[in-house]
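Please open the structure in your viewer and follow the stops below. Each one says what to select and what is there.

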Amino acid sequence: MKKHGKKMVAPLVITACIVIYYVVMGIVIVSLDGLSSYLKILILAIPAAIIGVCIFVLRERIKEIRSGEEDDLGNY
């Protein structure tokens, strides 16, 4: 792997697991019959927001790793 490739594997795997979990949870919510369409959309907004935040945090972490700032304690 490249210089920082090994350090990016764990954040990628964890983010992928979280995204897959929330996608499956969204599919289960959509498949429920007893909920109205509006309620399903409102309930799906929460997993969608969590997925968005996870991807944003992953991008920030990759930027940190590439810049050489691998430990956040260096900021304090």
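The tour goes from helix packing to single side chains.

This is a predicted model, where local features need pLDDT of at least 70, side-chain atom pairs count only at pLDDT 80 or more, and totals for chains, interfaces and linings use all residues. Numbering starts from 1 along each chain as its sequence is written, and side-chain values use heavy atoms, without hydrogens and water.

**Stop 1: the helix pair.** Select residues 5-31, helix 1, and residues 37-67, helix 2. Helices here are DSSP runs (H or I, at least four residues), numbered from the N terminus. The two pack at about 175 degrees, axes 10 Å apart. That makes helix 1 roughly antiparallel to helix 2 (angle over 145 degrees). Their contact has 19 nonpolar, 2 polar and 4 charged residues.

**Stop 2: Ile18 and Ile51.** Select Ile18 in helix 1. Its C-alpha lies 7.6 Å from that of Ile51, 33 residues apart along the chain.

**Stop 3: Lys40.** Go to Lys40 in helix 2. Lys40 is buried (under 20% relative accessible area, 1.4 Å probe, protein chains only) and has no salt bridge (Lys or Arg side-chain nitrogen within 4 Å of an Asp or Glu carboxyl oxygen). The nearest side chain of opposite charge, Asp33, is 5.5 Å away. Now show the backbone oxygen of Val30: a polar atom of the Lys40 side chain lies 3.0 Å from it.

**Stop 4: the salt bridges.** The count is 2. Select Lys63 and Glu60: closest N and O atoms 3.7 Å apart. Then select Arg61 and Glu64: closest N and O atoms 3.0 Å apart. Arg61 and Glu64 both lie in helix 2, 3 residues apart, about one turn.

Conventions: Axes are lines fitted to C-alpha atoms, for helices over the stretch in contact, and angles run from 0 to 180 degrees between N-to-C directions. Angles under 35 degrees count as roughly parallel, over 145 as roughly antiparallel, 65 to 115 as roughly perpendicular and the rest as oblique. Ala, Val, Leu, Ile, Met, Phe, Trp, Tyr, Cys and Pro count as nonpolar, Asp, Glu, Lys and Arg as charged, and the others, Gly among them, as polar. Buried means under 20% relative accessible area, exposed over 50%, partly exposed in between (1.4 Å probe, protein chains only). Lys and Arg count as positive and Asp and Glu as negative; His and the chain ends are not counted. A polar contact is a pair of N or O atoms within 3.5 Å; within protein, one must be able to donate a hydrogen and the other to accept it, and residues adjacent in sequence count only if both atoms are side-chain atoms.
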